[in-house]
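Trainee: I should be grateful for a close look at a single part of this structure, namely one place where two helices meet. Please then connect that part to its surroundings.

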Amino acid sequence: MATPAAPAGGARSGAGPEWGGFEENIQGGGSAVIDMENMDDTSGSSFEDMGELHQRLREEEVDAEAAAADDEDGEFLGMKGFKGQLSRQVADQMWQAGKRQASRAFSLYANIDILRPYFDVEPAQVRSRLLESMIPIKMVNFPQKIAGELYGPLMLVFTLVAILLHGMKTSDTIIREGTLMGTAIGTCFGYWLGVSSFIYFLAYLCNAQITMLQMLALLGYGLFGHCIVLFITYNIHLHALFYLFWLLLGGLSTLRMVAVLVSRTVGPTQRLLLCGTLAALHMLFLLYLHFAYHKVVEGILDTLEGPNVPPMQRVPRDIPGVLPAARLPATMLNATAKALAVSLQSH
Amino acid sequence: MAEAAESPGDRETASPRPLFAGLSDISISQDIPIEGEITIPMRSRSREFDSSTLNESVQNTIMRDLKAVGKKFMHVLYPRKSNTLLRDWDLWGPLILCVTLALMLQRGSVDGDKDGGPQFAEVFVIVWFGAVTITLNSKLLGGNISFFQSLCVLGYCILPLTVAMLICRLVLLAEPGPVNFMVRLFVVVVMFAWSIAASTAFLADSQPPNRKALAVYPVFLFYFVISWMILTFTPQ
């Protein structure tokens, strides 16, 4: 007599911890979103929190299964049982959705924790590494140590993006397809990631002792020279000054990277291949950044070549515009070449 | 017999209350706990609490949210070391500010020639992805702040720059010239410094003490990019 009541009561209380446990997970009422805010973030690594959450989920899953097993023993027939089952199925589906979201959040969080050791730096370390990136080392007989961190390189790439944006805005650069910000970000990140991967691949071919992380860090810190040069020459529009800085600061940072790579490679051919490629790409990138996004220089050059062109001379050929994303480089290179020719003729 | 008497009783009583099904059968004694039935009215009362915010008028809801947003605006404009932005974070304020900024920064002309200005989507993406990047960076550096709290603070601290945008728009109605530019430069620089001060006041406590500079630098870059977009905006 009391037996039918008991499973019914069991159904109620079976639904109770199921629903109650679910409500414990959601804060802010009524949604299946696991809010990461309310996970206790005060520990350095949150693996313990995630483990705790997982444990709780597993316990509640066990409880839900036990409750479902109890309920299935009870009233399964009739209208009552059907309605009870429907609500239980809905609860079950919501539970599954919540669990899926929890595991997704867990995997996202785990990915962030993978990167955490690469950001473990002090400001003094970053400062010293920035300065060291401009000083080429003399000792190439044993492998030089490369700091494997990602904070400095990432901040330098973002700084380069900001400086590029500043330069493009100053010169009223017109971008045909795409946006200013997209172009700047694409160029800088593309260079950093793409050239790092390419040089890593070459290093693999040439049997050099360098890992991908170290290559990323090396090239990232090598962008410090680029940042300085571009920052100065986007504000002071002197052509000769740019060439001087290109050779001096660009050259110093390239020499540093080349020296580190040489110290980690064996064999003259391999050293030449690897370091030649890196030097060429690094220096040409600085040249490209200056000329592709800076239009003001063109006006100065137009005033240089005037009516004093002598009749018999070799006219430099127009360089076809193959560089992407701006229609200026062809004009720029042509103007530069013409100015060089004029200045050479005038001597 | 008890079971036979029970089943018609079951069908007669309301079917969503199977708990009452066995009541007609049970003789009341001291052992039977009556608290089980008392919890049901309690549950319905809590359901009434939940639906009370659902049943209120839309105006009430909007005014309440707007008041919360306005209170946080005040906290940003006069930055003190307070926890309001961190404790009850919301993303309405950043959304309103971002949309306002992006709308005002849009170039009026649609022709492709002078297309060098930022579009709505560009500003939107810069603000939100910049904020996400800074948040990830501060978390990776060992910060104590949660993801959405950091987004909330960074979004709210765009308010001074939005005010600068409004002022620049008004100043640009006057005739252009170097004085015009100097005024706009001054306003943008002051608001930029204010934004950085406000966000540092909220975010600095969450970082380990020796790494504050590492966490503040990307915030500086982020607001610099936004300030640069505001300063170089010229309506065509």
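Mentor: Let us begin with the pair of helices itself, bearing in mind that the model is predicted. In chain B, the axes of helix H8 (residues 159–171) and H10(B) come within 10 Å and cross at roughly 10°. Angles under 35 degrees count as roughly parallel, and therefore H8(B) is roughly parallel to H10(B).

Next, consider the residues that make this contact. From H8(B), Leu161(B), Met165(B) and Cys168(B) take part, and they meet Tyr223(B), Ile226(B), Ser227(B) and Ile230(B) of H10(B). Sorted by class, the contact of H8(B) with H10(B) has six nonpolar residues, one polar residue and no charged residues.

H10(B) also has a part in a second feature, an enclosed space. A search of the whole structure finds nine cavities of 30 Å³ or more, and the largest cavity holds about 110 Å³ of space. Its lining consists of 14 residues, and the closest to the centre are Leu203(B), Gln207(B), Ala215(B), Val216(B) and Val219(B). Three elements of chain B give two or more residues to this lining: helix H6 (120–140), helix H9 (178–203) and helix H10 (212–231). H10(B) gives the most, with four residues. By class, the lining of the largest cavity has six nonpolar, seven polar and one charged residues.

The UniProt record may now be set beside these helices. In an unreviewed entry, UniProt places the feature "transmembrane region" at residues 89–108, 120–141, 153–175, 181–203 and 215–234 of chain B. For two of these spans, the model can be described further. Residues 120–141 of chain B are 95% helix and 0% strand, with end C-alpha atoms that lie 32 Å apart. Residues 181–203 of chain B are 100% helix and 0% strand, and their end C-alpha atoms also lie 32 Å apart.

Finally, chain A has its own annotation. There UniProt, again in an unreviewed entry, places the feature "transmembrane region" at residues 150–168, 180–203, 215–234, 240–260 and 272–293. Over residues 180–203 of chain A, the chain is 100% helix and 0% strand, and the end C-alpha atoms are 34 Å apart. Residues 240–260 of chain A are likewise 100% helix and 0% strand, with end C-alpha atoms 30 Å apart.

To return to the part you asked about, H10(B) meets H8(B) through Tyr223(B), Ile226(B), Ser227(B) and Ile230(B), and H10(B) gives four residues to the lining of the largest cavity.

Key: Residues are numbered from 1 along each chain as its sequence is written. Chains are lettered from A and ligands numbered from 1 in the order in which they are written. This is a predicted model: local features need pLDDT of at least 70, side-chain atom pairs count only at pLDDT 80 or more; totals for chains, interfaces and linings use all residues. Side-chain values use heavy atoms; hydrogens and water are left out. On a 1 Å grid over the protein atoms alone, a cavity is a set of points where a 1.4 Å probe fits but cannot get out, and a pocket is an open set with protein on both sides within 12 Å along at least five of seven lines; lining residues have an atom within 4 Å of a point. Grid points are joined across faces, edges and corners, and a volume is the space filled by probe spheres set on the points. Ala, Val, Leu, Ile, Met, Phe, Trp, Tyr, Cys and Pro count as nonpolar, Asp, Glu, Lys and Arg as charged, and the others, Gly among them, as polar. UniProt positions are given in the numbering used here, feature names are shortened, and annotations may be inferred rather than shown by experiment. Axes are lines fitted to C-alpha atoms, for helices over the stretch in contact, and angles run from 0 to 180 degrees between N-to-C directions. Angles under 35 degrees count as roughly parallel, over 145 as roughly antiparallel, 65 to 115 as roughly perpendicular and the rest as oblique. Contact means heavy atoms within 4.5 Å.
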